[in-house]
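Here is a quick walk through a two-chain model, written for someone who would rather look at the picture than read a table. Keep the structure open while you read.

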Amino acid sequence: MASRLTRRIFPHPLLTLLLTLVWCMLINTPSTGAVAFGLILGILIPILTAAYWPQRPLMRRPYRMVSYILIVVWDIVLANVQVALIVLFKSNARMKPNWVCIPLDLRTPEAIAILAGTITLTPGTVSADLSDEGHSLLVHALDAPDPDAVRDDIKHRYERRLKEIFE
Amino acid sequence: MMEAAEILVSALIVIGALFILVGSYGLLKLDSPMSRLHAPTKSGTLGVGSTLAASMVYAFVWGVGSVHELLIMAFLFVTAPVSAMFIAKVAIHRRRVAVEPPSPPEDSTWATKAAPVAEENA
């Protein structure tokens with residue numbers, strides 16, 4: 001009974017936390033008032049929007065998201081330098097742009113969206129399309145002589161971690 | 001202390017500007033629509049990220065501090081891949097890609113190709 005009531009008030013506890021945090025960051029000066037109003041928004045918005053997001057994913061290990069974000073940021077910095085060198089010093093003729101197909105083990109739509117976003121943010125690869133049933137992802141690589149290596153790298157580095165977080 | 005912060009802020013701004021320059025140069029230099037797509041997504045991440053980091057360091061050392069930059073980065077990182085994906089989908093849909101993508105390992109076809117072909121003279 002009590003747990004059902006808590007779930008009524010907090011249909012999405014992580015979203016509540018995130019909204020409160022974003023509100024405090026928007027206000028930009030730490031104060032009790034900002035936290036209080038942020039909490040009010042953080043409680044009201046998930047209740048009002050719960051009906052439009054019925055099959056929200058249960059994040060099993062949300063704390064692992066922190067290490068995932070740190071890994072992605074590190075990869076973005078590293079790959080940016082690599083791609084900058086490719087763009088500056090490699091002639092178009094010697095570049096090998098390639099399509100890479102990634103069969104997905106992920107089934108949660110939100111997790112697939114995060115994976116596709118990660119692939120686009122890390123330089124050198126852009127996620128281009130999803131198959132009609134959503135079981136594989138099409139990625140374009142700027143310079144990939146070996147598409148299988150790119151596929152294995154993405155599957156091992158990002159998809160495995162997202163699967164641990166979401167499924 | 002102040003001098004170290006000054007050097008850090010200047011270095012971050014120069015690095016950011018450098019990556020934005022490389023991104024714009026890549027947009028001119030690369031030859032196919034899909035390859036061109038790679039250039040701006042890069043300057044959008046490290047270029048803007050580094051400039052915003054410089055702004056944050058400046059605010060914390062000389063002012064009262066600001067975390068708006070983190071929000072800008074977060075929103076940019078969430079929205080940039082969406083527009084990149086839409087540009088890629090248009091390129092595939094209008095058959096503007098140098099090499100047609102291979103068929104998917106699972107399922108019958110790519111979502112964009114499941115739609116009827118666009119009229120070229122539209």
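## How one helix meets its partner

Start with helix H4 of chain A, which passes H3(B) in a left-handed crossing. Keep in mind that this is a predicted model. H4(A) covers residues 64-89 and H3(B) covers residues 38-62; their axes come within 10 Å and cross at roughly 140 degrees. That angle makes H4(A) oblique to H3(B).

Which residues do the touching here? On the chain A side they are Ile76(A), Val77(A), Asn80(A), Val83(A) and Val87(A), and across from them in H3(B) sit His38(B), Ala39(B), Lys42(B), Thr45(B) and Leu46(B). Sorted by class, the contact of H4(A) with H3(B) has six nonpolar, three polar and one charged residues.

## The same helix against H1(B)

H4(A) also packs against H1(B), with the axes 10 Å apart and an angle of about 45 degrees. H4(A) and H1(B) are therefore oblique to each other, and the crossing is left-handed.

From H4(A), the residues in this contact are Asn80(A), Ala84(A), Val87(A) and Leu88(A), and they meet Phe19(B), Val22(B), Tyr25(B), Gly26(B) and Lys29(B) in H1(B). Six of the residues in the contact of H4(A) with H1(B) are nonpolar, two are polar and one is charged. If you are clicking along, look at Asn80(A) and Val87(A): they turn up in the contact with H3(B) and again in the contact with H1(B).

## The whole interface

Now zoom out to everything that touches between the chains. Chain A puts 35 residues into the contact and chain B puts in 42. On the chain B side, at least two residues come from each of helix H1 (2-29), helix H2 (33-36), H3 and helix H4 (68-93). The largest share comes from H4(B), with ten residues.

What is the chemical make-up of that chain B side? The residues of chain B that touch chain A divide into 25 nonpolar, eleven polar and six charged.

## Chain B on its own

Chain B has four helices and zero strands, so to speak an α-α-α-α run from the N terminus on. Inside the chain, the axes of H1(B) and H3(B) come within 8 Å and cross at roughly 165 degrees. That makes H1(B) roughly antiparallel to H3(B), and H1(B) passes H3(B) in a left-handed crossing. The contact of H1(B) with H3(B) takes in 19 nonpolar, nine polar and one charged residues.

As for overall dimensions, the C-alpha trace of chain B spans about 60 × 30 × 30 Å along its principal axes. Its radius of gyration is 20 Å, where a compact globule of 122 residues would have one near 14 Å. Buried residues make up 31% of the 122 residues in chain B. Of the chain B contacts between residues at least 6 apart in sequence, 55% join residues at least 24 apart.

## Chain A on its own

Chain A mixes its elements: there are six helices and three strands, and along the sequence they follow the pattern α-α-α-α-β-α-β-β-α. The C-alpha trace of chain A spans about 65 × 40 × 25 Å along its principal axes. A compact globule of 167 residues would have a radius of gyration near 15 Å, but chain A comes out at 20 Å.

How much of chain A is buried? Buried residues make up 28% of its 167 residues. Among contacts in chain A with a separation of 6 or more, 69% are between residues 24 or more positions apart.

## Two residues to click on

Asn28(A) lies in the loop between helix H2 (13-27) and helix H3 (32-49) of chain A. Phi of Asn28(A) is near 80 degrees, a positive value in a residue other than glycine. Asn28(A) counts as partly exposed because it has 14 C-beta neighbours inside 10 Å.

Asp75(A) takes you back to helix H4 of chain A. With 17 other C-beta atoms within 10 Å, Asp75(A) is partly exposed. Where does the chain bring a sequence-distant residue to Asp75(A)? At Thr122(A), which is 47 residues apart from Asp75(A) in sequence and 6.5 Å apart in space, C-alpha to C-alpha.

How values were computed:
Residues numbered from 1 in each chain as written. Chains lettered and ligands numbered in written order. Predicted model: local features only at pLDDT ≥ 70, side-chain atom pairs only at ≥ 80, totals over all residues. Axes fitted to C-alpha atoms, helices over the stretch in contact; angles between N-to-C directions. Parallel < 35°, antiparallel > 145°, perpendicular 65-115°, else oblique. Left-handed = near helix turned anticlockwise from the far one by under 90°. Contact = placed C-beta atoms within 7 Å. Nonpolar A, V, L, I, M, F, W, Y, C, P; charged D, E, K, R; others polar. Rg over C-alpha atoms; globule rule 2.2 N^0.38 Å. Buried ≥ 20, exposed ≤ 12 C-beta atoms within 10 Å, placed from the backbone.
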